[in-house]
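Open the model in your viewer and keep a selection tool at hand. The stops below say what to select next and what is there.

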Amino acid sequence: SPASADAAAGRTKAQMCTTCHGANGLAVAPNTPYLAGQPEPYLIEQLKAYRSGKRQHEVMNVVAKPLSDADIDVLAAWYSSIKIEVKLP
């Protein structure tokens, strides 16, 4: 399906994100958000905001600057396709 193809392409593209956001979008670095399970529209909006400079972050502005809309779409498809489980205490 197109959605799974986008997610597969996004998984490949996401290799550049693993240093900070973890191999599966579950960050291990302090003060770094999880990307796994985030809503696709939210991820798209935030990456575009970093790319344009509307949202400021020293690293993310540099990382997002060269991303095309297609790159952003597949990254968002990948991270939003990861299912996470919440367990209440």
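**Stop 1: the nonpolar core**

In this predicted model, begin by selecting A14, L47, L67, L75 and Y79, which touch the most other members of the largest nonpolar core, a set of 17 residues. Next colour α3, α4 (58–64) and α5 (69–81), the elements that give two or more residues to this core. The largest share comes from α5, with five residues. In soluble globular proteins, nonpolar side chains tend to be buried together.

Stay with A14 and show its surroundings. Leaving out residues up to four places away in sequence, A14 touches L75, W78 and Y79. Of these contacts, L75 and Y79 were part of the opening selection.

**Stop 2: the whole chain**

Zoom out and switch to a cartoon. The protein chain has five helices and zero strands, and from the N terminus on the elements run α-α-α-α-α. Its radius of gyration is 13 Å, close to the 12 Å that the globule rule gives for 89 residues, so the chain is as compact as a globular protein of that length. If you draw a box along the principal axes, the C-alpha atoms fill roughly 40 × 35 × 20 Å.

Now colour by accessibility. Buried residues make up 34% of the 89 residues. With the surface displayed, the protein chain exposes about 5,900 Å², of which carbon and sulfur atoms supply 58%. For the contacts, consider pairs at least 6 apart in sequence: 56% of them join residues at least 24 apart.

**Stop 3: N61 in α4**

Select N61, which lies in helix α4. Is N61 buried or exposed? Its relative accessibility is 15%, so it counts as buried, the cut-off being under 20%. Show the residues around N61, leaving aside neighbours within four places in sequence: Y50, G53, R55 and Q56 are in contact with it.

**Stop 4: the loop between α2 and α3**

Move to the loop between α2 (18–21) and α3 (40–52), where L26 lies. The same stop takes in two further residues, G22 and N31.

Select G22, which has its place in this loop between α2 and α3. G22 counts as buried because its relative accessibility is 6%. Not counting residues up to four places away in sequence, G22 touches C17 and A27. To place G22 against the C-terminal part of the model, draw a distance to S80: the two C-alpha atoms are separated by 15 Å, and the residues are 58 apart along the chain.

Then select N31, also found in the loop between α2 and α3. N31 is exposed, with a relative accessible area of 83%. Check its backbone torsions: phi of N31 is near 60 degrees, a positive value in a residue other than glycine. Most residues other than glycine have a negative phi.

**Stop 5: a nonpolar patch on the surface**

Return to L26 and turn the surface on. Which residues make a nonpolar surface patch with L26? They are Y34 and I84, and the patch is about 290 Å². L26 itself is partly exposed, with a relative accessible area of 39%; that value falls between the limits of 20% for buried and 50% for exposed, so the label is partly exposed.

To finish, display L26, G22 and N31 together. L26 is partly exposed, G22 is buried and N31 is exposed.

Note on methods. Residues numbered from 1 in each chain as written. Predicted model: local features only at pLDDT ≥ 70, side-chain atom pairs only at ≥ 80, totals over all residues. Heavy atoms only, no water. Patch = residues over 30% accessible without salt bridge, like charges linked within 9 Å, V, L, I, M, F, W, Y side chains within 5 Å. Areas by Shrake-Rupley, 256 points an atom, 1.4 Å probe, with all protein chains shown as cover. Salt bridge = Lys/Arg side-chain N within 4 Å of Asp/Glu carboxyl O. Helix = DSSP H or I, 4+ residues; strand = E, 2+ residues; numbered from the N terminus. Buried < 20%, exposed > 50% of the residue type's maximum accessible area, 1.4 Å probe, protein only. Core = buried A, V, L, I, M, F, W, Y, C linked by side-chain atoms within 4.5 Å. Contact = heavy atoms within 4.5 Å. Rg over C-alpha atoms; globule rule 2.2 N^0.38 Å.
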